[in-house]
Structures are given as structure tokens and as C-alpha cells.
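Work through the exercises below with the structure open. Each task is followed by a stepwise solution.

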Amino acid sequence: MATQSATPPPNPTDEKPQNPASDVGQPTLQNSEDAKAEGIKEMSKPSVFVNSEPMREDQVQNAVKFLSHPKVRGSPVMYRRSFLERKGLTKEEIDEAFRRVPDPPPTISPTQPAIASQDGQLTSSSNIPPPAPTQTMQPAAAAASAGPFSKVGTLARSRFHWSQAVLAVGLLAISGAGTAVLFKNSIVPRLKSWIRKVVLEEEEEDMKKTNAKPSLAEEAAAAAKSAAAAAADVARASQEMVISKNEEKRYFGELMNLLDAQVQEMKSMSTAIRKLEGQSSIPKQENSSVLVSNSSRPSYANGKADFDMRSGRPLSPPASVEPSSAPHPKSYMEIMAMVQRGEKPSNIREINDLPPNPNQPVSNPRLAPRPKPWEVGQAQNSSGSILQSQESRDGFTSKFQDNGVITQSNGDSSVPWWQQKNVRITEIENEDENKTGSSGVPTIDRPVQRSWVPPQPPPVAMPEAAAAIRQPKKPVYEREQLTDDQLLARPSEITEELERVTKISESGGLTNSNGGSSVLNSGEIQNEDENTYFDA
Amino acid sequence: MPVFKTPFNGYAVQFSPFYERRLAVATAQNFGILGNGRLHILDLSPSPASPLAELASYDTADGVYDLSWSESRDSLLAAAVADGSVRLYDAALPPSANPVRSLLEHSREAHSVDHNPLRRDSFLSSSWDDSIKLWTADRPASLRTFREHAYCVYSAVWSPRHADIFASASGDCTARVWDVREPGSTMIIAGHDFEILSCDWNKYDDCILATASVDKSIKVWDVRNYRVPVAVMNGHSYAVRKVKFSPHRGSLIASCSYDMTVCLWDYMVEDALVGRYDHHTEFAVGVDMSVLVEGLLASTGWDELVYVWQHGTDPRAP
């Protein structure tokens, strides 16, 4: 004969109310102790969700060393903080380190050549005293944070050698060709004309002079001609050099392309192998994996760079680089390429998705919030929730029994395969209930309040009603209907029933049979009487 | 097993906390890069013809990255949209009256929303603008903004047992524990060397938190001793996109990954991998375990399919 224990609704704080826990008294000692312990935890100053470690001096010293480094000095404060956080320092330790390293006055930085390169973009942000996180940190280029940066740096550097070599050779070839062309085009003709002029002049001179020196003139002419011929030869030779250089360049370029292709193939093969090892079975890898490794970068340094490239979305929808990149679908790469080019995919529609009425009142809830399975262990809503969820499964199990054994085999709907599981659950939960034997059922939850109202414990024992529930054919179907399709039509009915039954129960079960039958009519209320059954 | 084909690439799925048969799916066109979005509300109907029927769908101009059913109103849900707004939809109202609210404060894409199971009218949104905002459904402006992360915040999740505590996962490779009563985060868990994409609380042990990262691992942490993980679960071959603790079994975790599988883990057990489902043919991006029906799982991915199945069965079975 459980009496009705009036539990005041808890004050709207975050803590779970401890009063009902001790009031009800039914839950096992363990539960109440847990609740009390948690309550104490929450009540006492340091909650469990706070660092309780003392500051680690060695970490602070490391942080101070890091912050004193000239390169770090030039980076935005946000990045410095983020780096230290990633290294596992607590807020206090980071604050202490910042306190120990005085901020340099902004004008002194020019003495450090290392910062010069970064200064362009970062002085503005470092000048501003750091009220921790500000949006201005975002658009800055490569981060000063060592982790990903160094990795990316080494990667970049190693690649750099490769491309650097290529560039150097290319430059040499081009400059050689350029000078040859220049020589050929500008200097040689001039030389030729000059020689011709000289020859002409010489001839004229000869003409003016007596023919006493024809041999000389002839010799001079011959010499000039040979010189011209030599110059012509030189020009031809240089032309050939230019041509050969061009050819070499071409060959070199082709070689590079071939090498690239080979590298790509090797990469794709390695990803293929890795994929096979990882036991996945998807074919689209060849070009997509390569493209991914080129285009998608993870660490936020590069993510931001990508963002700057494209005004749209950065690739921070998490794509990985260091751990092998997940091969993106081919169409994904196509769309990325399109967006990078600035084109808009053609399937986008113009949609007006603004609220038609910004002050639209939200519809009232039709159902009471259902207690969660993990709240079962709490004293307040213990078996009530079990029962409430149990009855829903009861409904299904009974239906299952009604339909016979065949429901499992056919391929239709979801109902059969839900029930399979649920049968087991009800058994287990029955056991649990018997053990705890507690009571507490959520009856009504008054809609919309800031704090959560614990359920009222059920008062009265009504074995007859409980027995009546044991043959729940009709209410199950009704309940099925109600919750699935007809809620629009019958919301008020259920709440009315709830209220009515609650009142009945509270008043000590005057109308025994009535209570039972009204319970039968709305499935959600079955729990109450079942509950009371156990109470007795 | 019921399958639903969405027109756009799936991003998130969640069962309704009120109706066993109801779930919602958030989708975005063109893999969420650039395009429209759509929010579907689906019902598991008993009729064999259409095992997963669409009750309603709402179009958005930008992709929808995440959704969260309200804990106080059975027909209300919040959607995190790629234009930075959080929109509220009421399934009980006709589609022409939806959305009922559009809360635009984030300056970058909103990546996740989560309702508070204890303070049922409040919810969090996290965004690529590095901030987390606290809202209630009845107010047009956010109540609080939490700005500490140095990069995109991919997920913010309320603790199921403490109404003021929540955790966040960010691309700055840290996960943080926050208390709304405090001005800033109370704990920084620097547990991964790569971006942390998702986090979730253990429903049965209020000090246990799981994080999933681009480094393909899932780590389980105890906030009382947060420097060393309680468990490290490797097994995915690519980044783990989402992690969810089971509402029914304290040590069971569901995860979905870019390796196109949905895996179930028991972190208390030596060999943690309990189940693996490889029904998706593209990145598996969203997964959820039903609070009302034990063992019921749903997942969605970039292959534009939504699967609902019972743990232990084959999701692709007809």
C-alpha cells in the first residue's frame, strides 16, 4: 500500500533533485548513494568537469620557451594559444606562461629578420592586445603553429627540391635560348650590315683610290667576305643551338610528363593496395585519390589557404592528408573543380527558405517528453520509464503473438523485426523491476518549462486493473492507431485520459473498474496500473 | 530492411525522441559543397510497399548539415544550415508555414545542433566560425556565445545527466568540456593529433566522453583523468565522422566513417569491435541509435541512402 508521497518539483537548477531520491526510499542503497554522491559532487566547488590538477611547472617553462622564440613572437596570439592547448596544457598553465613572457612592444620587431616575412600580414594582429579569440586571426596565412606547419613545411620543402630543380633547368634553357635568339635577331644582322657597310666603304675607297691597290682591295674584300661568311656560320650555329635547346626543352618536358604520370600511377597503386588491405571494396580510386592528395588539405593552415583561394566553402569538411586520404567520389572532385573555377553547378535552384511568418507560434506539444532509458537508474523515474517503454513493447509483443509466428519470415514492414528484440527486453526488464520494486511514473509533464519536472510516483495498487491489462488486444490496436496516424485527431483525448487517470489514482482509486477500463482505452496509461501492481 | 533514397547527399539522421517510428534526415546537394538542402521526416510504416515513407520534407537554399529533434515538442526540430543559420521546423504545421524560425548569427556554416535532454527547450549550435551558440526555441537571439576554439567546431553535445555541461569537438584538434555557468571552457582534452570530428557522452557514466577523429581512431576519455584515454579504438580505415553512445547499453558505441562502414564498439572489452556494417557505397556520414527502441540503428551517407535496421541484422536485407 504505497501512500502518495508528495514530491515538490525541484527548483529550476541543473542539479538533479536529491529530495525525491531519499524520500521514496525504495531504490537500493546504491542508487541513493550514487545520487547523493553526485549531488555532493555538484554541490561542492570543483565539479568533476574541471581540471583539478595543480599547474605543472615544467610545462609552463616549456611554454615560456616556446613563447619567447622570435618566430613565435610574430604569430597571432590565437595560434600560440591553440598550439599550447594542443600540447595538453591547461588554461591556467597557458595563462601563466603568457604572464611570464612579456609582450614585446610592437615597434621592436624589425630587428628580427625571421619575422620580416610574416610581418606583412601579422603585425596588425599582433599589435592588437590579445583578447583571446577574435575573428581577425582567421584570414591570416600559414599558421605559426609548429605541428601541422612543420609537417607541411617539410613536405613542401621536399617537393621543392624536385620542382626547384625543374625550374632551374627550365630557366637555364630559356635564358640560353633567349640569349641565342637575341643574338641571332639583333646582333648578327647588325654585324652583317656593319660588315657590308665596311665592305662597301672599302670598295668605294678602292674605287676612289687608284687601281694601284687592287690586290689590297681584293684582299680586303676577300677578308671581309670570309668574315661575313664566318659570321653567317656563327649565326647558323647559334640558330642550331637554339633549335637544339628547344628540342631539349621539349624532350625534357615530355620526360617530366612521363615521370609525373608514373608517379601518379604509383600513387594510385599504393592507395589501391592500402584499400585492399583495409578491406573495402570500392573501385573509384585512380584519379580521384591523386586529385584528393593534391587538393584536400587537413591542417588548418592549409585549410585556410584553401579558403582564401575559393570564396566558397573550405575543404575543412574533414578531409585527411597525413592519415591516408579517403578517396572522394569522382563526382565530388568534379564539383570541387567546378567551384574552384568559379562555375556554379547547374542543378542548384533558387529557393526562398525564409520563415513565412517569423512570429509563427510553435504548435503545442502533443506528447509528454518520454523519459530516457538511462534515467531508469535514477530513483525518480525508475520503473515508470521501464514500464512506459515496456508497455510500448508489450503492445508489440502482444501483436506479435496475435499475428502468430509467421511474421518473422516475411519481408514486410518494420513491426516484426522490432518485436524480436523487444521480447527479450521485456523479460529482462521484468526481472529488473522485480528487483528494484520501485515506483515512480511520469504522468503529465506540463508543457514547456525551463526545468524538468520529475514524475509523480504512482499511488494506488489496483491488482484488478493490472489483471485487466494482461489481455491488451484492443488497446494495443487503438494505441497503434493513435500514435501513428491519428495524433492530429486525438491529441486532447490522450492528455485528457492521462489527467483523468491521474486524478483517479490520486484520489485513491474510487472507481476501480472505471479506472481500469479507462486505462485500457489509452495505451500510455497502462503503465500506471502495472506499476501499482508491483507496488502492492 | 527499410531503405530510403534521398535526392541529395545525406549528412545526418536522428530518431525522434517521441515516436519510435519517426526519424529525420538532413541532406545537402552536391555533397554539401555548394547547393540546396533538404530536410526529410520519415516514418517507418508497417506497409511493405513503402517501408520508409516520407511524411514531410523542407527545402533550403543551402545544404543542411545536421538536425536535432526538440526534446520538449514532438513536432519541432532544428536544422543546422550551411549558410550559418539554424532553422526551426514544425512538422505539425503545413509545409507552407515552415520554417518557423531562422536564426542567423553564425558567420560561417553551422555544422551541428543539439537539444538539451534535461533543459528541454535549449539547444546548441556549433559552426565553422569557431564558435558555439546557446539558444532557446522561444528567443530570436542566442543566449550565449562560446568562442575559444581556434578552428571549426564540428560538434557540440550536451551531457545527458548534467544540464549545464556540454562538450565540443573541433578542427583545432582539441575537445573541450564547458559549463554554461562558467565563462569559458572548463577542460581541454588535447587527445588527437588531427581534427576531432565528433564527440558524445556516455549516457550511463556521466564522466565518460568519446571523441572521433580524422586519425581514424575513436578515443574514450574519463574527464576525471583526461590526459590518458580510457580506450582507443582503431579499426576504421579512414576518418571517423560521427560517434554515438548507445542509449541502452553503457559501453556500446556506434560510429560511421569515410571508409563507408558503420561500426559498433564496446570499449570495455578487449576486442572492442562488436559489429561492422558496410552497406553504404559512399562516405557514411550520419548515424543514430534510437532512444526508444533498443538496438535500432539508422545511417545515411553520400550515396543518398538512408538505412534503418536492427543491430545484428543485415541493413541491406529486403
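**Exercise 1. Is Val234(A) buried, partly exposed or exposed, and which residue 50 positions away in sequence lies 9.1 Å from it?**

Solution. The model is predicted.
Step 1: Place the residue. Val234(A) lies in helix H9 of chain A, residues 214-277.
Step 2: Take its relative accessible area, which is 44%.
Step 3: Apply the cut-offs. Buried means under 20% and exposed means over 50%. Val234(A) is therefore partly exposed.
Step 4: Find the partner. Lys184(A) is 50 residues from Val234(A) in sequence, yet the two C-alpha atoms are 9.1 Å apart.

**Exercise 2. Describe the secondary structure, burial and contacts of chain A, then of chain B.**

Solution.
Step 1: Count elements. Chain A has 19 helices and zero strands. Chain B has zero helices and 28 strands.
Step 2: Read the burial. In chain A, 41% of the 536 residues are buried. In chain B, buried residues are 78% of 318.
Step 3: Look at contacts with a sequence separation of at least 6. In chain A, 69% of these join residues at least 24 apart. In chain B, 45% of them come from residues 24 or more positions apart.

**Exercise 3. Which residues of helix H6(A) are buried, and which helices help to cover them?**

Solution.
Step 1: Locate the helix. H6 of chain A covers residues 91-100.
Step 2: List its buried residues. They are Glu93(A), Ile94(A), Glu96(A), Ala97(A) and Phe98(A).
Step 3: Recall the periodicity. An α-helix has 3.6 residues a turn, so residues three or four places apart point the same way.
Step 4: Identify the cover. It includes helix H3 (57-68) and helix H5 (77-86) of chain A.

**Exercise 4. Characterise the packing of H3(A) against H5(A).**

Solution.
Step 1: Choose the descriptors. Two packed helices are described by the angle between their axes and the distance between the axes.
Step 2: Read them off. The angle between H3(A) and H5(A) is about 150°, and the axes are 11 Å apart.
Step 3: Classify the angle. Over 145 degrees counts as roughly antiparallel. H3(A) is therefore roughly antiparallel to H5(A).
Step 4: Add the handedness. The H3(A)-H5(A) crossing is right-handed.
Step 5: Name the residues that meet. H3(A) brings Ala63(A), Phe66(A) and Leu67(A); H5(A) brings Arg80(A), Phe83(A) and Leu84(A).
Step 6: Sort them. Five are nonpolar, none is polar and one is charged.

**Exercise 5. Examine the backbone at Pro99(B), Lys216(B) and Glu304(B).**

Solution.
Step 1: Set the expectation. Most residues other than glycine have a negative phi, and most peptide bonds are trans.
Step 2: Check omega. The bond between Asn98(B) and Pro99(B) is cis, with omega about -5°. Pro99(B) sits in the loop between strand E8 (85-90) and strand E9 (101-104) of chain B.
Step 3: Check phi at Lys216(B). The value is positive, near 70°. This residue is in the loop between E19 (208-213) and E20 (217-222) of chain B. Its relative accessibility is 23%, so Lys216(B) counts as partly exposed.
Step 4: Check phi at Glu304(B). Again the value is positive, about 65°. The loop here runs between E27 (296-301) and E28 (305-310) of chain B. With a relative accessible area of 21%, Glu304(B) is partly exposed.

**Exercise 6. Which residues of chain B does UniProt list for "repeat: WD"?**

Solution.
Step 1: Consult the record. The unreviewed UniProt entry lists residues 103-145, 146-188, 189-231 and 233-266 of chain B.
Step 2: Inspect residues 233-266 of chain B. This stretch is 56% strand and 0% helix. Its end C-alpha atoms are 9 Å apart.

Notes. Residues are numbered from 1 along each chain as its sequence is written. Chains are lettered from A and ligands numbered from 1 in the order in which they are written. This is a predicted model: local features need pLDDT of at least 70, side-chain atom pairs count only at pLDDT 80 or more; totals for chains, interfaces and linings use all residues. Side-chain values use heavy atoms; hydrogens and water are left out. UniProt positions are given in the numbering used here, feature names are shortened, and annotations may be inferred rather than shown by experiment. Helices (H or I, at least four residues) and strands (E, at least two) are DSSP runs, numbered from the N terminus. Buried means under 20% relative accessible area, exposed over 50%, partly exposed in between (1.4 Å probe, protein chains only). Contact means heavy atoms within 4.5 Å. Axes are lines fitted to C-alpha atoms, for helices over the stretch in contact, and angles run from 0 to 180 degrees between N-to-C directions. Angles under 35 degrees count as roughly parallel, over 145 as roughly antiparallel, 65 to 115 as roughly perpendicular and the rest as oblique. A crossing is left-handed if the near helix is turned anticlockwise from the far one by less than a right angle, and right-handed if clockwise. Ala, Val, Leu, Ile, Met, Phe, Trp, Tyr, Cys and Pro count as nonpolar, Asp, Glu, Lys and Arg as charged, and the others, Gly among them, as polar.
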